[in-house]
Amino acid sequence: DEGEKPNVGKLSGEDVAKHNSKDSCWVIVHGKAYDVTDFLPEHPGGPKIILKYAGKDATEEFDPIHPPDTLDKYLPKDKHLGPVNMETVQQEEKEESPEEKERQERIKNMPPLEACYNLMDFESVARYVMKKTAWAYYSSGADDEITMRENHSAFHKIWFRPRILVDVEKVDISTTMLGTKCDIPFYVTATALGKLGHAEGEVVLTRGAKKHNVIQMIPTLASCSFDEICDAREGDQCQWLQLYVNKDRAITEKIVRHAESRGCKGLFITVDAPQLGRREKDMRSKFDDSGSSVQSTSGDAVDRSQGAARAISSFIDPSLSWKDIPWFLSITKMPIILKGVQRVEDVLKAIEVGAHGVVLSNHGGRQLDTAPSGIEVLAEVMPVLRERGLQDKIEIFIDGGVRRATDIIKALCLGAKGVGIGRPFLFAMSAYGLPGVDHAMQLLKDEMVMNMRLIGAAKVEDLTPDMVDTRGIHSHIVPVPKDLLGERSYDPLITAHEGI
Ligand SMILES: Cc1cc2c(cc1C)[n+](S(=O)(=O)[O-])c1c(=O)[nH]c(=O)nc-1n2C[C@H](O)[C@H](O)[C@H](O)COP(=O)(O)O
């Protein structure tokens, strides 16, 4: 077997099918065969999921999780076995599972896009039509998801003090972030694995961001390759890079320099994920769908007690610390923002080490559960910065649970430059594609103009701290950690196949 050289020209499906075990494992991706035998033990997602496709075409399973250039980048050239004559490949009779049949039915009966009046509507539709694994990955938060729910409910603890009789005939909702002018003070934040929700992945968000002149933050763990997302940019459209720092700093340096050379206008270093949080919805659905050893009991070296997220994030460096920031400042001219700062002491430290900004964020409630919401930290931080005359020293962003323009306005009143929005655009994309993203962004713009008028502000500079009452922000009355959203779908006593 080992001596067998693939014949000249195209391999046949039969040639590949012979290599269908852990002793000799070939897979087909995008019409080419690869010998992944030696790679099996190193695969972050575990050997099982690859062996499920040993000797077969693995393209469909491969695409949502891996950028297209993954094999070129990480599989040694001598394992690239060349093109396969796909006519000779036995395509799996994709016997549609009863679940998939039901899902297709739901897609046929899904509400029209016009039925979505706010960002939460997209979430309801997405849950109804998305694949369970994709929904689980996007919607999950860590542990009891208390922080994930607090992120949005925190905004309801802030009340407006609207001004009246202000001339608001003309309202300008535009702003600048890191020197870039944008139509409305939000950006599309970095969320991994865009192709779980839509076959084209993150480039759909790029197109939506272009249409509405908002900034897109490109995730390190995107399904699309970094260059694909940059290439999807049009004209002077602005993109930032979100960086998970690799244990191998040479790889990190290469990524940062390449991002700068591709015109990225900001480097957002994620500092709240030395290890990815425990997202149980993701774990449950992974266990059922892809058979990956989610709760690996085989004592493998790599901890695979997580769904897709942890499987693809074993490279992240938990030793990252303040002493690394000067190095980042030395390798790039891009403004450096720390994403995932959660207390005022660290904002002051970020200013000290020369960072250009921070995102007050808890990663959408996907990391440390019962960490405070970004808006609550903002309410703590800004008075301290003002006291020290530091409020204009760096740009402060928040993200997490932003679902209404009034949430954006509250953040700006308190002193944020802008806000990041994640899940709503993922759900809009997953349910309706680009039209969904476009509609979601337009809804926010319409809400923003209306609410600026109602609060008595003609432009974002008019939004000041005296326009909000934050006295209730620190009251954390947390109901028993009951997952109201997923109750129907993730009851641990119901096996994955029952329920929805
Ligand atoms: C929803 C979501 C968020 C992720 C995300 C993936 C999803 C599906 N992923 S994760 O797989 O590692 O957790 C990232 C990521 O790649 N890098 C990152 O910095 N933040 C990541 N975040 C956090 C994101 O950047 C925002 O902090 C968060 O989404 C804001 O909350 P909302 O979703 O409520 O707007």
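User: Before turning to this predicted model, which angles count as oblique?

Analyst: Angles under 35 degrees count as roughly parallel, those over 145 as roughly antiparallel and those from 65 to 115 as roughly perpendicular, while the rest are oblique.

User: Why are α17 and α18 called oblique to each other?

Analyst: Helix α17 (residues 405-414) and helix α18 (residues 423-455) pack at an angle of about 55 degrees, their axes being 8 Å apart. That angle belongs to none of the three named ranges, and α17 and α18 are therefore oblique to each other. The crossing of α17 past α18 is right-handed.

User: What makes the contact of α17 with α18?

Analyst: From α17 come Ala405, Thr406, Ile408, Ile409 and Cys413, and from α18 come Leu444, Glu447, Met448, Asn451, Met452 and Ile455. Of these contact residues, eight are nonpolar, two are polar and one is charged.

User: Why is Ile50 called buried?

Analyst: Buried means under 20% relative accessible area. Ile50 has a value of 13%, so Ile50 is buried. Ile50 lies in helix α2 (residues 47-51). Leaving aside residues up to four places away in sequence, Ile50 touches Cys25, Val27, Val36, Phe39, Leu40 and His43.

User: How do you know that β1 and β2 pair?

Analyst: Pairing requires at least two bridges. β1 and strand β2 (residues 32-35) have four, in the antiparallel sense; Trp26, for example, has Asp35 in β2 as its bridge partner.

User: What makes β1 and β3 edge strands?

Analyst: In the open sheet of three strands, the order is β1-β2-β3 with antiparallel pairing. β1 (26-29) and β3 (80-83) each pair on one side only.

Terms used. Residues are numbered from 1 along each chain as its sequence is written. This is a predicted model: local features need pLDDT of at least 70, side-chain atom pairs count only at pLDDT 80 or more; totals for chains, interfaces and linings use all residues. Side-chain values use heavy atoms; hydrogens and water are left out. Axes are lines fitted to C-alpha atoms, for helices over the stretch in contact, and angles run from 0 to 180 degrees between N-to-C directions. Helices (H or I, at least four residues) and strands (E, at least two) are DSSP runs, numbered from the N terminus. A crossing is left-handed if the near helix is turned anticlockwise from the far one by less than a right angle, and right-handed if clockwise. Contact means heavy atoms within 4.5 Å. Ala, Val, Leu, Ile, Met, Phe, Trp, Tyr, Cys and Pro count as nonpolar, Asp, Glu, Lys and Arg as charged, and the others, Gly among them, as polar. Buried means under 20% relative accessible area, exposed over 50%, partly exposed in between (1.4 Å probe, protein chains only).
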